[in-house]
Amino acid sequence: MTIRLHDTLQGRKVPFEPLKAGEVTMYLCGPTVYNYAHIGNARPAVVFDLLARVLRRRYKLTFARNITDVDDKINAASVETGRPIDEITEKYINAYNEDMGALGVQPPDVEPRATQHIDVMIEMIQALMDKGCAYEAEGHVLFDVASHAEYGELSKRDLREMIAGSRVEVAPYKKAAHDFVLWKPSTPELPGWDSPWGRGRPGWHIECSAMAEKHLGPTIDIHAGGQDLVFPHHENECAQSRCAHDGAPFARYWLHNGFLSLDQTKMSKSLGNVLLVHDLVESIPGEVIRLALLSAHYRQPLDWSAETIQSARRMLDRLYGALRGIEISDEARAAATAPPELVAALEDDLNTPKALAEFFALARALNKSNDKKEMIELAASMYAAGDLIGLLGSDPEQWFAGHVEGEMPVAEIEALIEQRNAAKAERDFERADAIRDQLREAGVAIQDGRDGTTWRRG
Ligand code: AMP
Ligand code: ZN
């Protein structure tokens with residue numbers, strides 16, 4: 001069986017075949033580093049980390065995930081906070097890698113930073129100028145969309161319709177509304193680099209095209225990102241790269257993850273409902289967050305709520321529960337492989353709901369078995385499946401003792417609830433409320449009822 005992937009360009013699931021036998025190149029648009037990643041940003045990181053793990057079983061993979069460290073949002077954050085740009089980007093690059101690491105995301109093979117690739121961007125812009133696909137106007141260099149007949153192929157947009165329905169305000173220096181910036185001038189206080197068009201900085205789209213070419217070559221196998229990037233970001237990347245490479249395909253397969261909503265609402269700063277991974281990992285084990293993100297198929301929307309987290313926690317309790325009390329040697333673990341049905345589900349366009357169902361079937365078989373040898377084999381298989389999906393990294397006993405990093409142990413929760421009840425009995429409501437807040441901060445919600453106080457995580 002070959003791996004099958006849903007390609008946005010073809011609009012369907014197709015067999016995957018890399019350009020070079022045995023080798024795969026994959027590029028994922030990474031973070032713009034001006035604040036902490038939210039749980040929606042974590043979805044592509046986790047989903048495509050899983051794809052990277054699945055591909056590595058069969059191929060020599062080179063996986064690049066870039067860092068956008070030059071951007072107007074970063075400049076604005078610097079003005080707002082009064083901190084230098086380098087300090088801001090360094091802080092959020094580290095935080096991003098730490099937070100994604102907590103979710104079991106393995107580091108990519110290459111993590112190119114835009115500011116370290118300005119020379120290759122300038123070269124690509126120059127090539128586009130030379131080929132007649134770009135023009136200079138008032139210190140800007142713009143991509144001439146009309147020069148690329150296939151423009152709109154990825155997002156299935158017709159340029160003529162786009163022009164007719166366009167409400168885009170046209171900058172006076174643009175030939176057409178949809179022409180986009182490759183290079184723009186910088187004022188002295190803004191970051192800038194010398195170029196044939198004066199001191200300036202690159203547009204966002206050119207970064208990815210230039211870094212993908214530099215690290216993975218002119219045609220890459222897989223290009224991935226969130227659904228919102230299809231237009232304009234990926235459409236523009238595709239146009240630039242194809243024009244720069246005389247029409248050669250840019251990516252053989254385009255993969256896009258669906259969006260994550262929060263309690264059925266769009267996550268947005270203005271609504272104040274943005275959940276940061278940095279905060280979540282303080283009180284919820286990374287594996288719970290990872291499993292919650294993988295519980296829906298990656299192309300489907302995913303709604304994030306207390307229930308999503310609780311259900312992922314219950315699933316992990318079931319998996320760890322099956323493994324409890326089973327002694328297994330390192331050799332047996334190393335020799336085991338993930339069950340073929342589970343691997344087949346992942347190789348079928350990353351069907352995680354089906355793969356998880358196979359995982360639970362294994363746990364059920366283990367729960368039922370009384371045969372010591374079989375139990376060890378099933379447990380080893382479960383650990384191998386966990387290694388592939390990026391789960392079951394804890395010791396089962398530790399899991400249940402609540403000693404998983406970042407999680408308050410059950411005994412501590414119960415002791416705090418007792419102390420709070422004692423405080424209430426003494427009418428020390430200030431203390432009682434302080435304990436409730438302490439628990440809430442640790443991700444534990446409590447509820448007072450007729451039969452006493454109950455608690456739950458998440
Ligand atoms: P950004 O920093 O906004 O460019 O986003 C980084 C990555 O997160 C991109 O691949 C986006 O498509 C993705 N992304 C942003 N918001 C969400 C969301 N709510 N759900 C899923 N993916 C998202
Ligand atoms: Zn990109």
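Is Ala 76 buried, partly exposed or exposed? Okay, hold that one for a second while I set the scene. What we're looking at is a predicted model, so please take everything I say in that spirit.

Back to Ala 76. The relative accessibility comes out at 39%, so Ala 76 counts as partly exposed. You'll find Ala 76 in helix H2, residues 72-81. If you measure across to Pro 44, 32 residues away in sequence, the C-alpha atoms are 25 Å apart.

Now the overall layout. The domain assignment splits the chain into domain 1 (4-257), domain 2 (262-400) and domain 3 (403-457). From domain 2 to domain 3, the C-alpha centres are 28 Å apart.

Let's go to the metal. Which residues coordinate the zinc ion (ligand 2)? That would be Cys 29 and Cys 208 through SG, His 233 through NE2 and Glu 237 through OE, with distances of 2.1 to 2.2 Å. Along the chain, the donors read C-x178-C-x24-H-x3-E. The angles subtended by the four donor atoms run from 75 to 129 degrees, so the arrangement is irregular. If you're wondering about the cut-off, a tetrahedral call needs all angles between 85 and 135 degrees. Two of the donors share a helix: His 233 and Glu 237 sit four residues apart in H7 (residues 230-244), which means about one helical turn separates them. Both His 233 and Glu 237 are buried.

Next, the packing. In soluble globular proteins, nonpolar side chains tend to be buried together. Here, the largest nonpolar core has 81 residues, and Leu 55, Leu 103, Ile 222, Leu 293, Trp 304, Phe 359 and Met 382 have the most contacts inside it. Helix H1 (residues 39-56) supplies the largest share of this core, with 11 residues. Domain 1 and domain 2 each put at least three residues into this core.

Let me zoom in on Leu 293. Beyond its neighbours within four places in sequence, Leu 293 contacts Ile 39, Ala 42, Arg 43, Val 46, Leu 103, Leu 260, Leu 302 and Trp 304. There's also another core, apart from that one, with 41 residues, including Ile 122, Cys 133, Phe 143 and Val 145.

Leu 293 is one of the buried residues of helix H9. Why is H9 largely enclosed by the rest of the structure? Because nine of its nine residues, 286-294, are buried. Among them are Glu 287 and Arg 290.

Another arginine to look at is Arg 420, in helix H16 (residues 410-425). With 4% relative accessibility, Arg 420 counts as buried. Setting aside residues up to four places away in sequence, Arg 420 touches Ala 432, Ile 435, Arg 436, Ile 446, Asp 448 and Thr 453.

Last stop, strands. E5 (residues 134-137) and E6 run antiparallel, joined by four bridges, and Ala 134 has Phe 143 as its bridge partner in E6. Two residues lie between E5 and E6 in their hairpin, and Glu 138 in the turn has a positive phi of about 50 degrees. E6 also pairs antiparallel with E7 (residues 180-185) over three bridges, with Val 141 partnered by Trp 183. Which way do the E6 residues point? His 140 and Leu 142 go one way, Val 141 and Phe 143 the other, and all are buried.

Up at the start of the chain, E1 (residues 4-7) and E2 (residues 12-15) pair antiparallel over four bridges. Leu 5 has Val 14 as its bridge partner, and Gly 11 in that hairpin takes a positive phi near 70 degrees.

Definitions and conventions:
Residues numbered from 1 in each chain as written. Chains lettered and ligands numbered in written order. Predicted model: local features only at pLDDT ≥ 70, side-chain atom pairs only at ≥ 80, totals over all residues. Heavy atoms only, no water. Domains from an automatic or database assignment. Buried < 20%, exposed > 50% of the residue type's maximum accessible area, 1.4 Å probe, protein only. Donors = N, O, S within 2.8 Å, 3.2 Å for Na, K, Ca; no water. Tetrahedral: all angles 85-135°; square planar, octahedral: opposite > 155°, others 65-115°. Core = buried A, V, L, I, M, F, W, Y, C linked by side-chain atoms within 4.5 Å. Contact = heavy atoms within 4.5 Å. Pairing = 2+ DSSP bridges.
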